[in-house]
Amino acid sequence: MFDRGLTVLKIRGIPIRLHITLLIFLPYVAYVAASQFSLIASSLEIPREAMRLPPLAWGGILAVGLFVAVLAHELAHSFVALRNGVKVRSITLMMLGGVSLMDRDDPEHEAWMAFAGPLMSFGIALGSYGAYRVLALFPAPAEVGVALLAFAITNAIIGVFNLLPAFPMDGGRVLRGLLLRRIGPVRATRVATSVGKTMAVVFGLFGLLSWNFILVLIAVFVYMGASAEQARSSTRELLRGVPVARFMTDRLGDAYADESPRAVAERLLRNNLVGARVIDEPVGGGARREIGVVTVWDLARQLGRGAAPETVGAVMPVDVPRARADDDASRSIDALASGEASAVAVLDGGEHVIGLVTAAEIQRALALAGALGELRTPGAGG
Ligand SMILES: [Zn+2]
(Lines give C-alpha, C1' and ligand atoms only; values in the text may rest on other atoms or scores of the structure.)
Protein backbone atom coordinates (compact mmCIF):
# COMPACT_ATOMS: atom_id res chain seq x y z
CA MET A 1 0.00 0.00 0.00
CA PHE A 2 2.89 2.35 0.70
CA ASP A 3 4.42 2.20 -2.78
CA ARG A 4 1.69 4.61 -3.87
CA GLY A 5 1.05 6.18 -0.50
CA LEU A 6 -1.72 5.89 2.03
CA THR A 7 -4.98 7.56 1.07
CA VAL A 8 -6.03 9.78 3.98
CA LEU A 9 -8.92 11.76 2.56
CA LYS A 10 -10.74 12.70 -0.62
CA ILE A 11 -11.34 16.24 -1.83
CA ARG A 12 -13.84 16.60 -4.70
CA GLY A 13 -13.28 12.96 -5.50
CA ILE A 14 -9.46 13.27 -5.62
CA PRO A 15 -7.70 10.82 -3.28
CA ILE A 16 -5.09 12.65 -1.16
CA ARG A 17 -2.23 10.31 -0.36
CA LEU A 18 0.66 10.50 2.08
CA HIS A 19 3.87 8.92 0.92
CA ILE A 20 6.15 7.10 3.36
CA THR A 21 9.04 9.50 2.56
CA LEU A 22 6.99 12.30 4.13
CA LEU A 23 7.44 10.72 7.57
CA ILE A 24 11.21 10.75 7.16
CA PHE A 25 11.24 14.24 5.72
CA LEU A 26 8.88 16.00 8.13
CA PRO A 27 11.38 16.14 11.05
CA TYR A 28 13.98 17.61 8.69
CA VAL A 29 11.58 20.31 7.51
CA ALA A 30 10.67 21.00 11.14
CA TYR A 31 14.35 21.41 11.97
CA VAL A 32 14.95 23.82 9.07
CA ALA A 33 11.75 25.74 9.89
CA ALA A 34 12.84 26.00 13.55
CA SER A 35 16.16 27.58 12.61
CA GLN A 36 14.40 29.94 10.21
CA PHE A 37 11.97 30.81 13.03
CA SER A 38 14.87 31.62 15.39
CA LEU A 39 16.54 33.73 12.71
CA ILE A 40 13.41 35.82 12.15
CA ALA A 41 12.79 36.12 15.92
CA SER A 42 16.29 37.45 16.50
CA SER A 43 16.09 39.87 13.58
CA LEU A 44 12.85 41.21 15.06
CA GLU A 45 14.69 41.42 18.41
CA ILE A 46 12.27 39.17 20.24
CA PRO A 47 14.02 37.59 23.23
CA ARG A 48 13.84 33.84 23.84
CA GLU A 49 12.31 34.44 27.28
CA ALA A 50 9.27 36.12 25.72
CA MET A 51 8.31 32.86 23.97
CA ARG A 52 6.08 30.21 25.42
CA LEU A 53 7.00 27.48 22.95
CA PRO A 54 10.57 26.49 22.01
CA PRO A 55 11.60 27.14 18.37
CA LEU A 56 11.57 23.42 17.62
CA ALA A 57 7.87 23.20 18.55
CA TRP A 58 7.19 26.11 16.20
CA GLY A 59 9.29 24.31 13.59
CA GLY A 60 6.98 21.29 13.92
CA ILE A 61 3.86 23.43 13.58
CA LEU A 62 5.33 25.23 10.56
CA ALA A 63 6.35 21.95 8.91
CA VAL A 64 2.82 20.55 9.15
CA GLY A 65 1.46 23.92 7.97
CA LEU A 66 3.81 23.83 4.99
CA PHE A 67 2.58 20.46 3.84
CA VAL A 68 -0.99 21.76 4.09
CA ALA A 69 0.11 24.76 1.99
CA VAL A 70 1.71 22.37 -0.54
CA LEU A 71 -1.57 20.46 -0.64
CA ALA A 72 -3.41 23.73 -1.39
CA HIS A 73 -0.87 24.43 -4.17
CA GLU A 74 -1.56 21.00 -5.71
CA LEU A 75 -5.32 21.43 -5.30
CA ALA A 76 -5.08 24.70 -7.24
CA HIS A 77 -3.49 22.77 -10.16
CA SER A 78 -6.13 20.06 -9.82
CA PHE A 79 -9.15 22.37 -9.72
CA VAL A 80 -8.07 24.09 -12.93
CA ALA A 81 -7.54 20.65 -14.49
CA LEU A 82 -11.01 19.50 -13.38
CA ARG A 83 -12.51 22.64 -14.91
CA ASN A 84 -10.83 21.75 -18.20
CA GLY A 85 -12.43 18.32 -17.96
CA VAL A 86 -9.17 16.54 -17.13
CA LYS A 87 -9.37 13.61 -14.75
CA VAL A 88 -7.21 14.01 -11.62
CA ARG A 89 -6.23 10.58 -10.37
CA SER A 90 -4.57 11.51 -7.10
CA ILE A 91 -2.47 13.98 -5.16
CA THR A 92 0.47 12.52 -3.25
CA LEU A 93 2.31 14.47 -0.58
CA MET A 94 5.87 13.27 -0.44
CA MET A 95 9.38 14.26 0.44
CA LEU A 96 9.97 17.06 -2.06
CA GLY A 97 6.43 18.39 -1.98
CA GLY A 98 3.29 17.35 -3.77
CA VAL A 99 2.65 15.46 -6.96
CA SER A 100 -0.67 15.60 -8.79
CA LEU A 101 -1.32 12.66 -11.02
CA MET A 102 -3.66 13.62 -13.81
CA ASP A 103 -4.53 12.53 -17.29
CA ARG A 104 -2.75 14.59 -19.89
CA ASP A 105 -4.36 17.88 -20.64
CA ASP A 106 -4.45 19.65 -23.92
CA PRO A 107 -1.03 21.43 -23.73
CA GLU A 108 -2.79 24.73 -24.50
CA HIS A 109 -4.50 24.54 -21.12
CA GLU A 110 -1.38 23.35 -19.36
CA ALA A 111 0.20 26.80 -18.96
CA TRP A 112 -2.70 28.16 -16.95
CA MET A 113 -3.04 24.95 -14.96
CA ALA A 114 0.68 25.05 -14.11
CA PHE A 115 0.48 28.72 -13.14
CA ALA A 116 -2.41 28.14 -10.70
CA GLY A 117 -0.16 26.33 -8.18
CA PRO A 118 2.43 29.09 -7.66
CA LEU A 119 -0.43 31.60 -7.68
CA MET A 120 -1.94 29.75 -4.71
CA SER A 121 1.45 29.77 -2.92
CA PHE A 122 1.71 33.53 -3.46
CA GLY A 123 -1.88 33.92 -2.22
CA ILE A 124 -1.06 32.02 0.99
CA ALA A 125 2.12 34.09 1.43
CA LEU A 126 0.18 37.32 1.00
CA GLY A 127 -2.59 36.12 3.33
CA SER A 128 -0.22 35.19 6.15
CA TYR A 129 1.77 38.41 5.71
CA GLY A 130 -1.54 40.30 5.99
CA ALA A 131 -2.41 38.33 9.14
CA TYR A 132 1.03 39.21 10.56
CA ARG A 133 0.42 42.95 9.97
CA VAL A 134 -3.08 42.81 11.47
CA LEU A 135 -1.85 40.85 14.46
CA ALA A 136 0.80 43.51 15.14
CA LEU A 137 -2.03 45.96 15.92
CA PHE A 138 -3.20 43.81 18.83
CA PRO A 139 -1.46 42.70 22.01
CA ALA A 140 -0.91 39.20 20.64
CA PRO A 141 2.04 36.94 21.52
CA ALA A 142 5.05 38.01 19.41
CA GLU A 143 5.94 34.42 18.53
CA VAL A 144 2.70 33.94 16.58
CA GLY A 145 3.73 36.91 14.43
CA VAL A 146 7.16 35.34 13.87
CA ALA A 147 5.53 32.08 12.77
CA LEU A 148 3.19 33.92 10.36
CA LEU A 149 6.12 35.80 8.87
CA ALA A 150 8.15 32.59 8.47
CA PHE A 151 5.13 30.95 6.83
CA ALA A 152 4.69 33.88 4.43
CA ILE A 153 8.38 33.87 3.43
CA THR A 154 8.49 30.11 2.85
CA ASN A 155 5.35 30.10 0.70
CA ALA A 156 6.69 33.00 -1.36
CA ILE A 157 9.93 31.03 -1.88
CA ILE A 158 7.92 27.95 -2.91
CA GLY A 159 6.01 30.09 -5.42
CA VAL A 160 9.14 31.65 -6.92
CA PHE A 161 11.08 28.39 -7.01
CA ASN A 162 8.26 26.56 -8.78
CA LEU A 163 8.09 29.27 -11.42
CA LEU A 164 11.71 28.71 -12.50
CA PRO A 165 11.40 27.48 -16.09
CA ALA A 166 12.83 24.05 -15.31
CA PHE A 167 10.49 21.50 -16.83
CA PRO A 168 8.80 19.43 -15.24
CA MET A 169 8.44 22.16 -12.61
CA ASP A 170 5.48 24.52 -12.97
CA GLY A 171 7.50 27.29 -14.64
CA GLY A 172 8.72 24.84 -17.30
CA ARG A 173 5.13 23.86 -18.07
CA VAL A 174 4.15 27.53 -18.32
CA LEU A 175 7.08 28.05 -20.71
CA ARG A 176 5.98 25.13 -22.89
CA GLY A 177 2.40 26.41 -22.94
CA LEU A 178 3.59 29.87 -24.02
CA LEU A 179 5.85 28.48 -26.78
CA LEU A 180 3.25 26.05 -28.03
CA ARG A 181 1.29 28.35 -30.28
CA ARG A 182 4.43 29.69 -31.90
CA ILE A 183 6.50 26.57 -32.53
CA GLY A 184 4.14 23.60 -32.03
CA PRO A 185 4.05 20.91 -29.31
CA VAL A 186 7.11 18.90 -30.34
CA ARG A 187 9.56 21.80 -30.48
CA ALA A 188 7.98 23.50 -27.47
CA THR A 189 8.53 20.32 -25.45
CA ARG A 190 12.10 20.05 -26.73
CA VAL A 191 12.92 23.63 -25.71
CA ALA A 192 11.21 23.37 -22.29
CA THR A 193 12.84 20.05 -21.41
CA SER A 194 16.28 21.22 -22.60
CA VAL A 195 16.01 24.31 -20.41
CA GLY A 196 14.86 21.99 -17.60
CA LYS A 197 17.89 19.73 -17.98
CA THR A 198 20.29 22.68 -18.11
CA MET A 199 18.78 24.19 -14.98
CA ALA A 200 18.92 20.79 -13.27
CA VAL A 201 22.67 20.69 -13.90
CA VAL A 202 22.97 24.20 -12.42
CA PHE A 203 20.88 23.21 -9.36
CA GLY A 204 22.98 20.08 -8.94
CA LEU A 205 26.32 21.91 -9.08
CA PHE A 206 25.08 24.67 -6.80
CA GLY A 207 23.64 22.09 -4.39
CA LEU A 208 26.91 20.15 -4.27
CA LEU A 209 29.00 23.29 -3.74
CA SER A 210 26.74 24.58 -0.97
CA TRP A 211 26.18 21.13 0.58
CA ASN A 212 22.46 21.53 -0.04
CA PHE A 213 21.26 17.95 -0.16
CA ILE A 214 17.66 18.91 -1.00
CA LEU A 215 18.74 20.96 -4.01
CA VAL A 216 20.74 18.00 -5.33
CA LEU A 217 17.67 15.78 -4.97
CA ILE A 218 15.53 18.34 -6.79
CA ALA A 219 18.16 18.51 -9.55
CA VAL A 220 18.00 14.74 -10.03
CA PHE A 221 14.19 14.83 -10.01
CA VAL A 222 14.06 17.65 -12.58
CA TYR A 223 16.66 16.04 -14.85
CA MET A 224 14.90 12.68 -14.86
CA GLY A 225 11.48 14.28 -15.35
CA ALA A 226 12.72 16.36 -18.29
CA SER A 227 14.38 13.33 -19.94
CA ALA A 228 11.26 11.20 -19.48
CA GLU A 229 9.06 13.89 -21.04
CA GLN A 230 11.47 14.26 -23.96
CA ALA A 231 11.29 10.52 -24.62
CA ARG A 232 7.51 10.51 -24.24
CA SER A 233 7.13 13.42 -26.62
CA SER A 234 9.15 11.77 -29.38
CA THR A 235 7.28 8.48 -28.90
CA ARG A 236 3.98 10.36 -29.05
CA GLU A 237 5.09 11.95 -32.29
CA LEU A 238 6.01 8.55 -33.78
CA LEU A 239 2.65 7.08 -32.80
CA ARG A 240 0.53 9.99 -33.98
CA GLY A 241 -2.01 8.95 -36.59
CA VAL A 242 -1.40 5.22 -36.14
CA PRO A 243 -4.43 3.20 -34.93
CA VAL A 244 -3.99 1.69 -31.49
CA ALA A 245 -4.92 -1.77 -32.80
CA ARG A 246 -1.51 -1.90 -34.53
CA PHE A 247 0.17 -2.12 -31.14
CA MET A 248 -2.18 -4.31 -29.22
CA THR A 249 -1.69 -7.88 -28.25
CA ASP A 250 -4.66 -10.23 -28.34
CA ARG A 251 -2.96 -12.82 -26.11
CA LEU A 252 -5.88 -12.64 -23.70
CA GLY A 253 -7.61 -15.35 -21.74
CA ASP A 254 -10.75 -15.40 -19.62
CA ALA A 255 -11.14 -15.55 -15.87
CA TYR A 256 -14.15 -15.72 -13.58
CA ALA A 257 -14.43 -12.93 -11.05
CA ASP A 258 -14.52 -15.37 -8.11
CA GLU A 259 -11.43 -17.38 -9.15
CA SER A 260 -8.30 -17.09 -7.03
CA PRO A 261 -5.60 -14.75 -8.40
CA ARG A 262 -3.04 -17.54 -8.09
CA ALA A 263 -5.03 -19.95 -10.28
CA VAL A 264 -5.48 -17.28 -12.94
CA ALA A 265 -1.79 -16.31 -12.79
CA GLU A 266 -0.77 -19.94 -13.25
CA ARG A 267 -3.07 -20.30 -16.26
CA LEU A 268 -1.73 -17.09 -17.88
CA LEU A 269 1.84 -18.24 -17.38
CA ARG A 270 1.13 -21.73 -18.77
CA ASN A 271 -0.62 -20.39 -21.87
CA ASN A 272 1.78 -17.47 -22.38
CA LEU A 273 -0.95 -14.84 -22.06
CA VAL A 274 -0.65 -11.16 -21.14
CA GLY A 275 -3.98 -10.76 -19.38
CA ALA A 276 -7.50 -12.00 -18.90
CA ARG A 277 -11.01 -10.60 -19.37
CA VAL A 278 -12.75 -10.86 -16.02
CA ILE A 279 -16.22 -12.39 -16.34
CA ASP A 280 -18.98 -12.17 -13.82
CA GLU A 281 -21.51 -15.00 -13.90
CA PRO A 282 -24.11 -14.57 -11.16
CA VAL A 283 -24.89 -17.68 -9.10
CA GLY A 284 -28.28 -19.14 -10.07
CA GLY A 285 -28.21 -17.83 -13.61
CA GLY A 286 -28.37 -14.34 -15.00
CA ALA A 287 -26.45 -12.65 -17.75
CA ARG A 288 -22.79 -13.48 -18.03
CA ARG A 289 -20.88 -10.26 -18.59
CA GLU A 290 -17.37 -8.87 -18.86
CA ILE A 291 -16.60 -6.60 -15.94
CA GLY A 292 -12.99 -5.70 -16.72
CA VAL A 293 -9.50 -6.94 -17.44
CA VAL A 294 -6.57 -7.99 -15.30
CA THR A 295 -2.98 -8.10 -16.58
CA VAL A 296 -0.05 -10.28 -15.54
CA TRP A 297 1.46 -7.15 -13.93
CA ASP A 298 -1.63 -6.53 -11.79
CA LEU A 299 -1.54 -10.16 -10.67
CA ALA A 300 2.21 -10.19 -10.05
CA ARG A 301 2.03 -7.03 -7.96
CA GLN A 302 -0.80 -8.35 -5.80
CA LEU A 303 0.63 -11.86 -5.38
CA GLY A 304 4.04 -10.41 -4.53
CA ARG A 305 2.49 -8.58 -1.61
CA GLY A 306 1.74 -11.71 0.33
CA ALA A 307 -1.75 -10.84 1.53
CA ALA A 308 -3.38 -10.74 -1.91
CA PRO A 309 -7.18 -10.50 -2.18
CA GLU A 310 -8.93 -13.85 -2.55
CA THR A 311 -10.63 -13.25 -5.87
CA VAL A 312 -9.56 -11.92 -9.24
CA GLY A 313 -12.55 -9.58 -9.12
CA ALA A 314 -10.95 -7.84 -6.14
CA VAL A 315 -7.50 -7.69 -7.78
CA MET A 316 -8.85 -6.24 -11.02
CA PRO A 317 -8.02 -2.51 -11.34
CA VAL A 318 -11.18 -0.39 -11.41
CA ASP A 319 -10.43 2.28 -13.97
CA VAL A 320 -8.38 0.69 -16.73
CA PRO A 321 -7.93 3.21 -19.55
CA ARG A 322 -9.90 2.23 -22.64
CA ALA A 323 -9.52 2.82 -26.34
CA ARG A 324 -11.31 1.87 -29.55
CA ALA A 325 -9.37 -0.17 -32.09
CA ASP A 326 -9.06 2.77 -34.49
CA ASP A 327 -8.20 5.42 -31.85
CA ASP A 328 -4.93 7.32 -32.20
CA ALA A 329 -2.14 5.32 -30.54
CA SER A 330 -0.35 8.46 -29.30
CA ARG A 331 -3.05 8.91 -26.65
CA SER A 332 -2.37 5.54 -25.05
CA ILE A 333 1.20 6.62 -24.26
CA ASP A 334 -0.07 9.15 -21.74
CA ALA A 335 -2.36 6.65 -20.05
CA LEU A 336 0.58 4.24 -19.65
CA ALA A 337 3.10 6.93 -18.68
CA SER A 338 1.07 7.97 -15.64
CA GLY A 339 2.15 4.67 -14.07
CA GLU A 340 -1.32 4.03 -12.67
CA ALA A 341 -2.34 1.57 -15.36
CA SER A 342 -0.33 -1.40 -16.62
CA ALA A 343 -2.29 -1.59 -19.88
CA VAL A 344 -4.86 0.12 -22.08
CA ALA A 345 -7.83 -2.11 -22.89
CA VAL A 346 -8.81 -2.04 -26.57
CA LEU A 347 -12.55 -2.50 -27.15
CA ASP A 348 -14.49 -3.55 -30.21
CA GLY A 349 -17.57 -1.51 -31.17
CA GLY A 350 -19.23 -2.48 -27.87
CA GLU A 351 -17.82 -3.33 -24.45
CA HIS A 352 -15.92 -6.45 -25.47
CA VAL A 353 -12.16 -6.30 -24.85
CA ILE A 354 -10.28 -7.51 -27.92
CA GLY A 355 -6.72 -6.70 -26.86
CA LEU A 356 -4.30 -4.89 -24.60
CA VAL A 357 -1.72 -2.22 -25.27
CA THR A 358 1.16 -2.36 -22.79
CA ALA A 359 4.41 -0.41 -22.57
CA ALA A 360 6.22 -3.59 -23.69
CA GLU A 361 4.07 -3.89 -26.83
CA ILE A 362 4.76 -0.27 -27.77
CA GLN A 363 8.51 -0.68 -27.17
CA ARG A 364 8.56 -3.81 -29.31
CA ALA A 365 6.77 -2.07 -32.19
CA LEU A 366 8.90 1.07 -31.89
CA ALA A 367 12.14 -0.92 -31.91
CA LEU A 368 11.12 -2.58 -35.17
CA ALA A 369 9.79 0.64 -36.65
CA GLY A 370 13.03 2.37 -35.73
CA ALA A 371 15.05 -0.33 -37.45
CA LEU A 372 12.83 -0.28 -40.54
CA GLY A 373 12.57 3.48 -40.59
CA GLU A 374 8.82 3.85 -40.86
CA LEU A 375 5.69 3.25 -38.78
CA ARG A 376 2.96 4.53 -41.02
CA THR A 377 3.31 1.85 -43.67
CA PRO A 378 -0.10 1.11 -45.18
CA GLY A 379 -1.57 -2.33 -45.07
CA ALA A 380 -0.06 -4.09 -42.07
CA GLY A 381 -3.01 -3.80 -39.73
CA GLY A 382 -3.89 -5.79 -36.65
ZN1 LIG B 1 3.04 23.13 -8.73
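Reader: What arrangement do the four donor atoms around the zinc ion make?
Author: A word first: this is a predicted model, where local features need pLDDT of at least 70, side-chain atom pairs count only at pLDDT 80 or more, and totals for chains, interfaces and linings use all residues. Residues are numbered from 1 along each chain as its sequence is written, and side-chain values use heavy atoms, with hydrogens and water left out. Four donors count as tetrahedral if all angles lie between 85 and 135 degrees, while four count as square planar and six as octahedral if opposite donors are over 155 degrees apart and all others between 65 and 115; anything else is irregular. Here the angles run from 54 to 150°, so the arrangement is irregular.

Reader: Which residues are the protein donors of the zinc ion?
Author: Donors are N, O and S atoms within 2.8 Å of the metal (3.2 Å for Na, K and Ca), and water is not among the atoms, so sites may look incomplete. Along the chain, the zinc donors follow the spacing H-x3-H-x92-D. Lying 2.0 to 2.7 Å from the zinc ion, they belong to His-73 (NE2), His-77 (NE2) and, listed twice with OD, Asp-170.

Reader: Why are His-73 and His-77 separated by about one helical turn?
Author: Helices (H or I, at least four residues) and strands (E, at least two) are DSSP runs, numbered from the N terminus. Both histidines sit in helix 2 (residues 55–83), and the reason for the separation is that they are four residues apart.

Reader: Are His-73 and His-77 buried or exposed?
Author: Buried means under 20% relative accessible area, exposed over 50%, and partly exposed in between (1.4 Å probe, protein chains only). By that rule, both His-73 and His-77 are buried.

Reader: What is the relative accessible area of Gln-302?
Author: Gln-302 has its place in helix 8 (residues 296–304). Leaving aside neighbours within four places in sequence, Gln-302 is in contact (heavy atoms within 4.5 Å) with Ala-308, Pro-309 and Val-315. Gln-302 counts as buried because its relative accessible area is 17%.

Reader: How many bridges join strand 5 to strand 6?
Author: Two strands pair if DSSP finds at least two bridges between them. Strand 5 (residues 252–256) and strand 6 (residues 275–280) run parallel, and Leu-252 stands opposite Gly-275 in strand 6. The number of bridges joining them is five.

Reader: Which strands stand at the edges of the open sheet with the order 8-9-10?
Author: This open sheet has three strands and mixed pairing. Strand 9 (residues 344–347) is joined to strand 10 by four bridges, and the two run antiparallel. The edge strands each have a single partner strand, so one side of each is left without a neighbour in the sheet: they are strand 8 (322–324) and strand 10 (353–357).
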